Amino acid sequence: MKIERPRGTRDLLPEEMKKRREMEKILRRIAESYGYGEIATPTFEHVELFTLKSGEGIVEEMYVFKDKSGRELALRPELTAPVMRLYVNSCEVMPKPLRFYYFANCFRYERPQKGRYREFWQFGVELIGSDSYLADAEVIMLAYEMLKALKVEFKLEIGHVGIMRDVLKGIENADKMMRLIDKNQFDELEKLMKDCKIDEKIKERVFRLIDLKGDASILEKVNFAEKEIERLKRIAEILDAAKVEYEFDLGIVRGLDYYTGVVFECYAPNLGAQKQICGGGSYELASLFGGQKTPATGFAIGFDRVYEVCEIDLDRRKTVFVVSFEDTYLDALKIAKKLRKSGFVAVIDVMERNLKKQLSYANDIKAEFAVLVGKKELEDGKVSVKDLKSGQQMDVPIEELTNLLSSRTV
Ligand code: HAM
């Protein structure tokens with residue numbers, strides 16, 4: 001019987017992992033250059049951590065299980081709640097603001113499709129302790145810089161969830177309505193509003209907000225929510241100065257319930273249905289987890305989606321296949337070691353194959369060169385180098401080997 005991997009999960013092969021590690025390196029470097037430090041939290045948490053505030057959408061998709069002592073646990077569907085739990089548990093007394101970043105797998109029981117998995121990775125940051133628009137601006141700039149560094153084509157859209165919340169304040173089913181807005185299910189929204197007998201004036205405001213998209217001039221069209229609009233204007237000034245390209249979209253409400261203020265999302269147009277590659281905003285969770293009320297803001301990049309559309313140069317070291325035989329294996333090992341020390345990838349035979357098969361394998365693994373370690377050449381202090389592209393072969397003194405290979409461009 002062949003055992004398949006669970007639905008919605010993936011196996012990652014070396015080529016893919018290489019690109020992912022390179023992406024990770026770029027993201028880490030940028031996060032750290034802004035003063036963010038990496039943190040890690042457990043893969044599973046007490047289920048309440050997510051049921052308290054993350055919202056129905058997330059809760060329905062959670063992997064929940066009981067351990068042997070009957071505790072109800074959940075695989076993390078995201079990391080903002082775990083990071084704020086960690087903050088309340090161990091970091092409340094640290095000087096503010098705190099700047100954390102993470103790269104971790106998340107689990108959501110969703111219907112799998114391209115770009116939507118049951119196990120996926122997020123690269124995210126949380127900036128904890130500042131209520132200022134400057135904190136919002138910083139995380140937006142950081143997300144923008146990260147996606148630009150990965151050479152992704154994307155659109156950044158910014159909104160303020162507080163405005164829509166205010167319009168729907170006190171209304172029954174407001175959370176449900178917010179979720180329909182998040183999913184762009186406007187017909188259903190209209191129907192729900194009708195069923196709930198929502199005042200025409202409120203309905204009109206909701207749909208007007210949903211339609212408000214564009215540059216900072218759209219902010220002039222809102223004649224309520226002064227404080228929130230002023231905040232967005234200030235953020236716009238900073239982003240313009242930093243040459244960040246964006247649009248406002250006052251219909252962005254985000255799928256998670258904990259957001260309170262400025263929210264933003266990034267979309268990669270070439271990704272099809274699952275094109276949201278980053279989402280974030282400001283929220284307050286610390287008081288819910290037993291801490292002092294603490295403002296925070298952050299975002300998470302959908303790493304697997306960005307993988308599909310990012311173009312980065314991979315660090316490609318030259319690969320040398322060291323051909324060895326029974327009577328030269330120990331010398332070949334020494335030569336391989338020397339090559340690795342000089343920055344080459346050196347691969348050596350472990351199948352006791354003959355020359356022809358070793359060379360054929362060297363081609364299979366796309367080695368640039370083969371170094372043939374033969375008894376006769378060794379006696380003269382030499383090895384034979386074969387350029388696997390051109391087929392050219394020549395004998396070289398062992399001490400000149402690494403210099404020669406470095407100077408040959410493939
Ligand atoms: P989120 O929008 O739920 O936000 O997820 C962030 C990103 O994760 C999405 O934009 C998407 O790219 C990716 N993502 C979500 N679900 C899947 C999936 N099933 N398969 C592949 N990628 C997926 C959050 O999780 C918030 N914690 C972000 C945040 C941090 N807000 C403040 N701080």
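At what angle do the axes of helix 1 and helix 5 cross? The legends below start with that pair. This is a predicted model, in which local features need pLDDT of at least 70, side-chain atom pairs count only at pLDDT 80 or more, and totals for chains, interfaces and linings use all residues. Residues are numbered from 1 along each chain as its sequence is written, and side-chain values use heavy atoms, with hydrogens and water left out.

**View 1. Helix 1 and helix 5 cross at roughly 150°.** The axes of helix 1 (residues 14-33) and helix 5 (residues 133-149) come within 10 Å. Axes are lines fitted to C-alpha atoms over the stretch in contact, and angles run from 0 to 180 degrees between N-to-C directions. Helix 1 is therefore roughly antiparallel to helix 5 (angles over 145 degrees). Helices are DSSP runs of H or I, at least four residues; strands are E runs, at least two.

**View 2. Polar atoms of Arg254, Gln276 and Phe299 face the ligand in polar contacts.** A polar contact is a pair of N or O atoms within 3.5 Å. Arg254 places a polar side-chain atom 2.9 Å from a ligand oxygen. A polar backbone atom of Gln276 lies 2.7 Å from a ligand oxygen. For Phe299, a backbone N or O atom is 3.3 Å from a ligand nitrogen. The protein covers 96% of the 650 Å² of accessible area that the ligand has on its own (Shrake-Rupley method, 1.4 Å probe).

**View 3. Strand 11 supplies the largest share of the ligand shell, seven residues.** Strand 6 (119-128), strand 11 (276-283) and strand 12 (296-302) each give at least two shell residues.

How values were computed
A polar contact is a pair of N or O atoms within 3.5 Å; within protein, one must be able to donate a hydrogen and the other to accept it, and residues adjacent in sequence count only if both atoms are side-chain atoms. Angles under 35 degrees count as roughly parallel, over 145 as roughly antiparallel, 65 to 115 as roughly perpendicular and the rest as oblique.
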